[in-house]
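Let's take a look at how protein and DNA meet in this one. Have the model open and follow along strand by strand.

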There are 2 protein chains.
Amino acid sequence: MDSLEDTDARLRESAEKLALALSQSGMQKTTARVMTALLFSQRQTMTAGDLCDALKISSGAVSGAVNQLIPTGMIERVPAPGSRRDHYRFREHAWATLMGNQNALLAGMCAAAAEGIEIAGPESIAGHRLDEMQDFYGFMQHEMAALIETWRQRREARPGTTSA
Amino acid sequence: MDSLEDTDARLRESAEKLALALSQSGMQKTTARVMTALLFSQRQTMTAGDLCDALKISSGAVSGAVNQLIPTGMIERVPAPGSRRDHYRFREHAWATLMGNQNALLAGMCAAAAEGIEIAGPESIAGHRLDEMQDFYGFMQHEMAALIETWRQRREARPGTTSA
DNA sequence: GCCCACTTTCAGATATCTTTGAATATTCCG
DNA sequence: CGGAATATTCAAAGATATCTGAAAGTGGGC
C-alpha cells in the first residue's frame, strides 16, 4: 500500500488533470484548479493559504477564484472557529447545483430562438430552423430540471452522507 | 411590416447577440458567429465567401471556424451543383447532436471521480465527495441520452420538417 | 479602540489565444 | 493536362484574458 504522502501527490495529480479538462470546457483555469483542489482534498476544508500553497498561486488569484466559485454554489465559506482565516469547502450536491444553473442557459437559448422567429416569421427558412431549436431547448429546460430533482430524491433515499 | 432588408439586419443582430452569449460559454467567438450566421440565415446554405462578407472576417477565419463546426455535427458541407464553391448548411437536429456530444464530457467526469476514489479509497473524506460526483454523473450520462432520444422521437412524430 | 492577521483590489506584466494576409494546396472544368 | 477559382495553412501581429505583487481594506480579539 502507498504511503499517505504518495496518495496525496497522486490525488493532486488527478485533481490537476480534471482541472485541465474543465478549463478546456470554458471554466477559468485557476478557478478550476481551486475547485478540484477542494474536491480531491482529504480534508474537510482548506484555507486560502492552503490553496496558495498547494497550487503555487498568489493570494489574489485564490481570492478571485473563490469569489467566482461561491456564487455558483460549488463551494462555500465555512465559519472558522477560533481563527480569522476563511475556510472553504466543496459543497454537498455541488454538481447538481451546477447543472441546475445551466437551466438559465437553456432558457436563454429558447429566448434567442423565439426572438429570431419573431423577426423572421415562423414560416420562413430561418423560422423553421429556429422552431426546432426552440422546441429542443424548451423540452430540455423542462426535463433537465425534473431529472435533477429525481436524482436528488434518489440520493436522499440512500444511506449516503446526509451532511457530515 | 418591415422591409426585407430591415428584417435581414435585425436577424443578423439577433444572431450576433446569441453568438456573444455562446462565446461567453466557452465557444470560440468566430466559430460562434459563423454558426449563428448560418442558423439565422434566410437562405438554405451559405458559401465561405458569403460568410466572409456577412461577418467581415478573413477567409482563413471562416475556414478555421467551419472546420471546427463540422466535426461536432452542427453544420455540414453540401455539394454545390455547378459551382466549385463549398456551401455550408446548419444541420437538422444539430442541437440534439451537440447535447449528445456532451455525453463524452459526462463520461469523463465519471471517470475522473472513479480515478480519485481508486486513489483515495471509498471511505476516505475525498472518497465520499467523489462518490457523490460519480453517482451524479453516472445518472446524468444515462438519463441524458434517454432524454435526447425521447425528444427525437417526439419530434419525428410531429408534422415537422422531415428534411427539406 | 487599537492592532494584527487575513482578504480584497488593482495596475502592470505576462501568457494565451485569435485573426489576418499571403503563400500553398486542391479540385473542377474545358 | 493546364488553368483558374477556391480552400487551407501558417507565421507574425494584435487583442484578450489572467496572474502577480503590493497597497488598501476588514474585522475579530484583547
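Here's a quick tour of the protein surface around each DNA strand, bearing in mind that this is a predicted model.

## Around DNA strand C

Start with DNA strand C, which has 16 residues around it; the closest are A:R85, A:D86, B:Q28, B:T30 and B:S58. Sugar and phosphate make up 78% of the strand C atoms that come within 4 Å of the protein. Helix α4 of chain A (residues 59–72) supplies the largest share of this surface, with 4 residues. Sorted by class, the surface near strand C has 7 polar, 6 charged and 3 nonpolar residues.

Now for the phosphates. Chain A puts polar side-chain atoms by phosphate oxygens of strand C at A:R85, at 3.0 Å, at A:S63, at 3.1 Å, and at A:R77, at 3.3 Å.

## Around DNA strand D

Over on DNA strand D, 16 residues sit around the DNA, and A:Q28, A:T30, A:S58, B:S63 and B:D86 come nearest. Of the strand D atoms within 4 Å of the protein, 73% are sugar or phosphate, and bases account for the rest. Here the largest share of the surface comes from helix α4 of chain B (residues 59–72), again 4 residues. The class breakdown near strand D reads 3 nonpolar, 7 polar and 6 charged.

Backbone atoms turn up among the phosphate contacts here: a polar one from A:S58 is 2.9 Å from a phosphate oxygen of strand D, and one from B:D86 is also at 2.9 Å from a phosphate oxygen. B:R77 uses a polar side-chain atom instead, 3.4 Å from a strand D phosphate oxygen.

Note on methods. Residues are numbered from 1 along each chain as its sequence is written. Chains are lettered from A and ligands numbered from 1 in the order in which they are written. This is a predicted model: local features need pLDDT of at least 70, side-chain atom pairs count only at pLDDT 80 or more; totals for chains, interfaces and linings use all residues. Side-chain values use heavy atoms; hydrogens and water are left out. A residue is near a molecule or strand if one of its heavy atoms lies within 4 Å of it. A polar contact is a pair of N or O atoms within 3.5 Å; within protein, one must be able to donate a hydrogen and the other to accept it, and residues adjacent in sequence count only if both atoms are side-chain atoms. Helices (H or I, at least four residues) and strands (E, at least two) are DSSP runs, numbered from the N terminus. Ala, Val, Leu, Ile, Met, Phe, Trp, Tyr, Cys and Pro count as nonpolar, Asp, Glu, Lys and Arg as charged, and the others, Gly among them, as polar.
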